[in-house]
Each structure stands twice: as structure tokens, then as C-alpha cells.
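Dear colleague,

I am passing on a structure that you have not seen before, and below it you will find my notes on a sheet, the cores and a pocket. Please read them with the model open beside you.

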Amino acid sequence: MIERNRPYTPWYQPDYAQSDIPARILCGEFGRRHRMRIWQGIPAMEIARDGTEYAAWYSGGQTEGQDNFVLLARRRPGGEWQIPWRIAECVEGIRAFDSALWIDPVGRLHWFWTQASMLFDAREGVWEAVCENPEAESAEFSAPRRLCDGLMLNKPTVLADGRWLYTVARTAPRMFRVLGMENASRKTRVQVWQSIDGGTTVEFLGEAATENTDFGEHMLYERRDGGLVMLVRARPELLKSVSADGGRTWTEPAPSGIPSPCSRFFLRRLASGMLLMVNHETADPVRSRLCAKLSSDDGQTWSQPLLLDARRGVSYPDGKQTEDGRIHVIYDHDRYDAMEILTACFTEEEILAGSVSMTGSFLAEMVDRS
């Protein structure tokens, strides 16, 4: 199901016919711009049951814009990173960006990205390609399909009742208003879409709206009492919205008390029942001191943090807990100079101890430096 209502009129006329053309998934057909990247960032990660690691981020052109493509990297157990391994690249003038990776409950790897004309076109579209067996050497993907309007940067969440919830944002960047867009909305709509049939179909469920952020990049979790909590990117604190009816209606987003520099964060329920959050320790806009912390009371309080990386310009974490209980996190550092994609691996015990000391744990391991 594709939502066609538009919250405002663009200041130019995007070629929606072009933006609705599926990206090409390239395998081995890599040109110089795919290898000699002059900026890169905004990563995602997943790990298959056999230990095969996947990482995605985007690059292309001199910055975020119509030349962007999404790169997918892979590392087999005991091997080296294959970079690039796949590329999702759109027709000229349409960019692919904001990728997410997710292995669903039956083991399929979902590769999501957003397509838009130029930078943003007020509609944007979430696209998906699915790999039925991410442990296979070939690991082929299905033809891309468009799920809905908007952009989705984070993994879906599976509820206790089996529903899959997707967090999709309809952005309202200030540039739309500054550049004279007529009827420009002042609110970013942080939406929730759902699938009740294991991802075969996706439908709109509910939304909240706020003027306090241009980009929602929201994530949610299910409390033990069945209520849903959504956290939204903002500064100086993450915003919080709650749903008591399964995601259909949401409270007005309000400050959560969790410091934030207005950047993406990562939030997930661990196998132990603890909540994991990877976020910056402060609201300083330089985006430093990326940390991991735990909550045992559904997010009411959080543990002391484990510092993952103290440098300026570390941002956009994504994560995965593997069956052995280890927590894996990917993030970027200094997108226009160092251009680093990094990972860390640690345990719940090390978060609570405030330091990494166990065999197999590490911080700031390099995936790629373009």
C-alpha cells in the first residue's frame, strides 16, 4: 500500500515517475565512483546465524544529494570485508540513501533504502529487497519494491502479537520553507506502519507530529505491559511519545530527559529483557562520546554508560545482538575527512562494568576508510 497524500507542495516539480523506478542492484559492476568515495556514512548492520556480517552505508557525489548510492558490504566468517559487495543505485537525478538492514524472525535479510528526487522531494519512498538465505555464498536479493512514502532509517520491531512495526518519517526540513515551498508543513510526522502477514503487505498504522525536529529517525519498543514507547531524534533531548492502543494513536512528543545532539540513536530489547540504547552522552552538537547503556525498568532509568568512542564526529549507530549474547554496534566517524565506518563488540556485563575486558570484545574496529 502506497500513501499518496502530500503534506505540502514542492518548490520544484520532482519527476516522481523517475523516483518510482526501482534502483539497480549491482553485483561486480563497480565503477570508479563506487570505489573512490570522497565522503561516506550513515551505516547499518546485520549478522546472519552463521556469523556472516552485512554492513550498508551510502556515498556518491561530494555530499548528500542526487548522486548518492547505497553500498552493501559483506564479511564471511573468518574472511575479509568485501567492499563493495552490492550497490543500490538509482537512475540519474534520483538518489538512494538512508539504508537499514534487518534479519526477520524466519532468517531473511531485508535491505531497505529511501529514494528521492534531488535531496528531498516531499514524498520520498521506502524501498526493500529481500535475501531469502543470507548465509548462502550467492545470497541473491529479490527485485526491489516500494513499501510506502517517507523514509525509514531503522530496523522494524516485532511485537509480542507477531506484528512487524516500521518507523517511517515524513520530513519537514527547514530548507523547504526557506526556499519558498508553498504550504510547507512545520511538523515532521513520525509514523508507524505495520505488517500482519510477515512483511507481505505493509499498511499505515498511526503517527505523531512535532515541530521540534526536521528528521524523526525514530525507534520504538514494547513495554512489558504492552504499551509502546517511541523515541524521536531532537535536541537537547530525545522526544518521547506513547501509544496505549497498539500504535494507532500517539501522545504529543515531549522531552524524554535523555540528552541528544539531534542525531540518530539505536534502541533494542535484548534477549535478557534489558533495553539497550546507543546514543551520545551529551547534547553537544559536535556528536562526541558515543555510549551504550541499559535499562531494566522499561526505559524509566538507565545504567551508567559504556563509552564506545569519545571523538568528535562519531554518529549514527546501528546494532545487533547475536545468539551468543554479544552486542555488535556499527557507526561512522568524520564523514568528509577520515570517512571511517567502525564496529564495536561487547556484552551487557561490560556495559554495567563500564569497560571492555572480555575475550572477543573490542572497540572502534575498522570496517572501511574510503
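**The sheet, the cores and a pocket**

Strands 10, 11, 12 and 13 form, in the order 10-11-12-13, an open sheet of 4 strands with antiparallel pairing (strands are DSSP runs of E of at least two residues, numbered from the N terminus; two of them pair if DSSP finds at least two bridges between them). Strand 10 (157-158) and strand 13 (203-210) stand at the edges with a single partner strand each, so one side of each has no neighbour in the sheet. Strand 11 (residues 164-170) and strand 12 (residues 188-195) pair in the antiparallel sense over 7 bridges, and W164 stands opposite S195 in strand 12.

This is a predicted model, in which local features need pLDDT of at least 70 and side-chain atom pairs count only at pLDDT 80 or more, while totals for chains, interfaces and linings use all residues. Residues are numbered from 1 along each chain as its sequence is written, and side-chain values use heavy atoms, with hydrogens and water left out.

The largest nonpolar core (a set of buried Ala, Val, Leu, Ile, Met, Phe, Trp, Tyr and Cys residues joined through side-chain atoms within 4.5 Å, where buried means under 20% relative accessible area with a 1.4 Å probe, protein chains only) has 32 residues, and V70, L72, L101, W111, W113 and F141 have the most contacts inside it. Strand 6 gives the largest share of this core, 5 residues. Another core, of 28 residues, lies apart from it and includes M274 and Y331.

With kind regards

Methods: Buried < 20%, exposed > 50% of the residue type's maximum accessible area, 1.4 Å probe, protein only.
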